[in-house]
Structures are given as structure tokens and as C-alpha cells.
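Reader: I have a new structure to read. Please show me how to go about it.

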Amino acid sequence: MSKDFKALVVDEDPSGNFISSIQKRRTADLPKGDLTVRVEYSSLNYKDALSATGNKGVTKQYPHTPGIDAAGVVEDSSQSDFPIGTEVIVSGYDLGMNTAGGFGEYIRVPFGWAVKRPEHLSAREAMIIGTAGLTAGLCVKALKEKSTISGMKALVSGATGGVGCMAVKLLSHLDANVTAITGKKDATNFLEGLGANEIISRTEFLESVRGPIAKGFWNIAVDVAGGNTLSSILASMRYGGTVACCGLVDDPSFKGSVFPFILRGNRLIGIDSVEIPIQDKAEIWNSFANEWRVSKLEDMCKPIKLDGMIAEIDKILDGNQTGRVLLEL
Ligand SMILES: NC(=O)c1ccc[n+]([C@@H]2O[C@H](COP(=O)([O-])OP(=O)(O)OC[C@H]3O[C@@H](n4cnc5c(N)ncnc54)[C@H](OP(=O)(O)O)[C@@H]3O)[C@@H](O)[C@H]2O)c1
């Protein structure tokens with residue numbers, strides 16, 4: 001039986017402008033799939049803002065509902081492994097790209113996109129963490145495979161943003177000595193609250209690193225920015241350092257030299273949270289439910305209802321969000 005539900009829908013007008021509005025939709029019009037999920041929470045990620053403003057690299061067809069992650073309850077299922085009532089987390093693959101996403105009260109997806117929500121992680125906590133936290137978790141897991149974390153000098157760029165704030169929180173939880181790079185002047189309380197030991201302004205950081213190899217300060221780093229930020233991070237790693245690179249808010253291109261790699265044995269690791277096997281996503285969600293259970297998640301999130309999302313999308317595009325935006329449905 002089809003149900004009516006509310007969703008944020010992005011439309012392309014004849015002049016090529018993209019306009020978002022809250023519309024009534026029907027579950028019968030959702031794509032085919034194994035699981036119909038009633039979405040309880042979603043979250044705002046940078047990619048959602050690209051989808052909502054017509055970035056065809058993210059979303060090719062409009063009208064479209066963004067939302068690359070969702071936590072909710074299975075209401076209809078063709079899979080005995082995911083019976084009605086199963087609590088799930090869905091993130092990545094095509095969700096919110098060309099498949100209607102979590103900015104609607106219902107989604108329908110293949111069962112292979114869903115993880116059973118771990119017992120000790122609520123749907124709300126899962127979406128405060130969201131894709132940004134999943135990505136930060138994948139960065140930390142990759143760093144952990146190359147280095148100890150406890151006691152290491154860690155650097156995080158875009159530290160007040162979604163991935164950045166989760167990386168600061170998690171690295172601090174694992175007893176790293178964390179330096180946060182931020183472009184925001186008023187972020188000290190927020191970043192110290194997450195556990196940052198030191199805060200550097202973005203400008204100061206970029207100006208402090210000269211040339212392709214500079215004084216080495218950091219053992220491990222998480223970079224969400226690319227561009228000059230990544231070049232400067234690579235140039236200032238200590239011997240044997242590792243950088244996990246996952247984003248491009250500064251620039252997808254970056255300049256560099258082989259010196260950090262051949263003189264210091266540094267490593268640059270790429271992180272993808274979208275297409276990785278579902279078992280790898282499940283492992284990170286389980287870690288967040290157990291050994292990575294971080295405190296005070298609510299302090300780093302702004303809860304928003306569907307009709308408040310459009311303003312938040314504009315803000316994330318301008319690099320002005322602090323922390324995570326939680327969508328309550
Ligand atoms: N690889 C993956 O699977 C994956 C998954 C999720 C996200 N991502 C990518 O990761 C990046 C961050 O995503 P997000 O959701 O955390 O976005 P976000 O919430 O907007 O955070 C990005 C932060 O970067 C900083 N920033 C903004 N402009 C910058 C610039 N020009 N140079 C350096 N820093 C700048 C700002 O923090 P400060 O003001 O504190 O500096 C901003 O809040 C995006 O590129 C996104 O596409 C990748």
C-alpha cells in the first residue's frame with residue numbers, strides 16, 4: 001500500500017536554476033528495492049549541498065531528494081535477513097545521489113546498502129555521526145593500520161566541519177595529541193570541547209609551511225581540504241608520518257614533491273566511504289557503538305526539521321557550518 005510522505009525535493013527550472021522545496025511524495029513513486037525504510041534521522045553532508053545545488057557530478061537527474069545517509073526502521077522487506085521492524089543505517093552507494101535520499105520520510109534501497117544498527121548506538125547517535133563520522137572513522141582506521149594513535153601528534157584540517165570535528169573527537173578519544181586547523185575565528189570553545197590540544201588558524205598554518213618539505217611536526221593527519229592545505233600538511237609531516245586524505249573543500253588538485261615520500265618515508269592514503277564493501281561500513285558503525293563510543297555527541301550537533309534544511313545547505317556550501325547538522329524526521 002502506498003503512503004504519502006514529506007520530502008525535500010530539488011527541482012531544475014527551465015533556466016537551469018535549482019530550487020528546493022518541501023513536497024508531498026508517495027512511497028509508490030520511490031525506486032524499486034528490497035527495503036522500504038521509514039527514516040527517523042538523516043544528516044547534512046557536504047555532498048548533499050552539491051546535490052541540492054545542481055552539481056551533475058553528484059546528481060544527474062532532477063527532481064531529486066538529497067540525503068546520502070539515513071537511520072530508520074524497515075517497514076517493508078523482500079529479504080528474510082531484514083524483516084519488518086529491523087533498525088538500519090543506510091549510507092553511500094547511490095543513496096541521495098540519483099536514488100531518493102534521507103531528506104525524505106521514506107527511502108527504498110537494495111538490502112546490500114543497509115547495515116543493521118548496532119545495539120548500543122541509537123538512530124539519533126548514528127546520524128549525528130553520519131557519513132562525516134563514518135569517513136573520519138575510516139581515516140582513523142587507516143592511520144591505525146600504519147601507526148599507534150595514542151600519544152601521537154595528530155593534525156586535522158577543516159576541524160569544525162563534519163568530518164573534521166568527528167576526526168578531532170575520535171583522535172582525542174584515542175589519546176592522540178590533536179592540533180586542529182580552522183578558518184573560523186570563534187571556534188576555540190567548540191574545538192577544545194571536542195578535545196583539541198592546540199588550534200591553528202588556517203592562514204597561519206599555510207603561511208608557516210614554506211617549500212615542498214619543511215620542519216616535521218605531525219605523525220598522523222586527516223585532511224578534508226586538498227589543495228594548498230594538503231600540500232602544506234604533506235610538507236610538514238615527521239619521519240614515517242601518514243596522511244589520510246578524504247576531501248576537496250579547498251581544491252581537488254594539489255602541488256607537491258616526492259621529498260616527503262622519499263626522504264621521510266611518509267604515506268598518503270585515500271579514503272572512500274561511499275563504495276567500500278558494506279562489511280567495512282558495519283565494522284566502523286560497530287566501533288562507534290563500542291570502543292569508539294565518544295561522549296557528548298549532542299554538543300556537536302544542531303538538530304533541524306525538514307523545513308529548516310534549505311538554510312543549512314547554503315551554510316555548508318559557504319564553509320560556515322560548525323559541527324554536524326542532524327535532520328529529525
Ligand atoms: N571520501 C569520502 O568518502 C568523503 C566522505 C564525506 C565527506 N567527504 C569530503 O570531505 C570534505 C569535508 O566534508 P564535510 O561534510 O566535513 O564538510 P563541511 O562540514 O563543510 O566541513 C568542511 C570544513 O572545511 C573547512 N574549509 C572550508 N573551506 C576551506 C578551504 N578553502 N580550505 C581549507 N578548509 C576549508 C571548514 O572548516 P574550518 O572553518 O574549521 O576550517 C569547513 O567547515 C568534503 O570535500 C566532502 O566531499 C569525503
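**Reading the model**

Author: Start with the ligand: domain 1 (4-117 + 296-328) and domain 2 (132-270) each give at least three residues to the shell around it. The domain bounds come from an automatic or database domain assignment. This is a predicted model: local features need pLDDT of at least 70, side-chain atom pairs count only at pLDDT 80 or more, and totals for chains, interfaces and linings use all residues. Residues are numbered from 1 along each chain as its sequence is written.

Reader: Which residues come nearest to the ligand?

Author: A residue is near a molecule if its C-beta atom, placed from the backbone, lies within 6 Å of it. Here 34 residues surround the ligand, and G158, G161, T182, G247 and G319 come nearest. Helix 1 (46-52), helix 2 (123-144) and helix 3 (162-173) each give two or more residues to this shell. Helices are DSSP runs (H or I, at least four residues), strands are too (E, at least two), and both are numbered from the N terminus.

Reader: How many residues of the shell around the ligand are nonpolar, polar and charged?

Author: Ala, Val, Leu, Ile, Met, Phe, Trp, Tyr, Cys and Pro count as nonpolar, Asp, Glu, Lys and Arg as charged, and the others, Gly among them, as polar. The shell has 13 nonpolar, 16 polar and five charged residues.

Reader: How do I read two packed helices?

Author: Use the angle between their axes and the distance between the axes. Axes are lines fitted to C-alpha atoms, for helices over the stretch in contact, and angles run from 0 to 180 degrees between N-to-C directions. The axes of helix 2 and helix 8 (residues 278-289) come within 10 Å and cross at roughly 110°. Helix 2 and helix 8 are therefore roughly perpendicular (65 to 115 degrees). Residues in this contact include I129 and L134 of helix 2 and W285 and F288 of helix 8. Contact means C-beta atoms, placed from the backbone, within 7 Å.

Reader: Is N286 buried, exposed or partly exposed?

Author: Count other C-beta atoms within 10 Å of its own: 20 or more is buried, 12 or fewer exposed, in between partly exposed, with C-beta atoms placed from the backbone. N286 lies in helix 8. N286 is partly exposed because 17 others lie within 10 Å.

Reader: And what of S20 in strand 2?

Author: S20 is buried, with 20 other C-beta atoms within 10 Å. Beyond its neighbours within four places in sequence, S20 contacts L8, V10, A52 and I310.

Conventions. Parallel < 35°, antiparallel > 145°, perpendicular 65-115°, else oblique. Contact = placed C-beta atoms within 7 Å.
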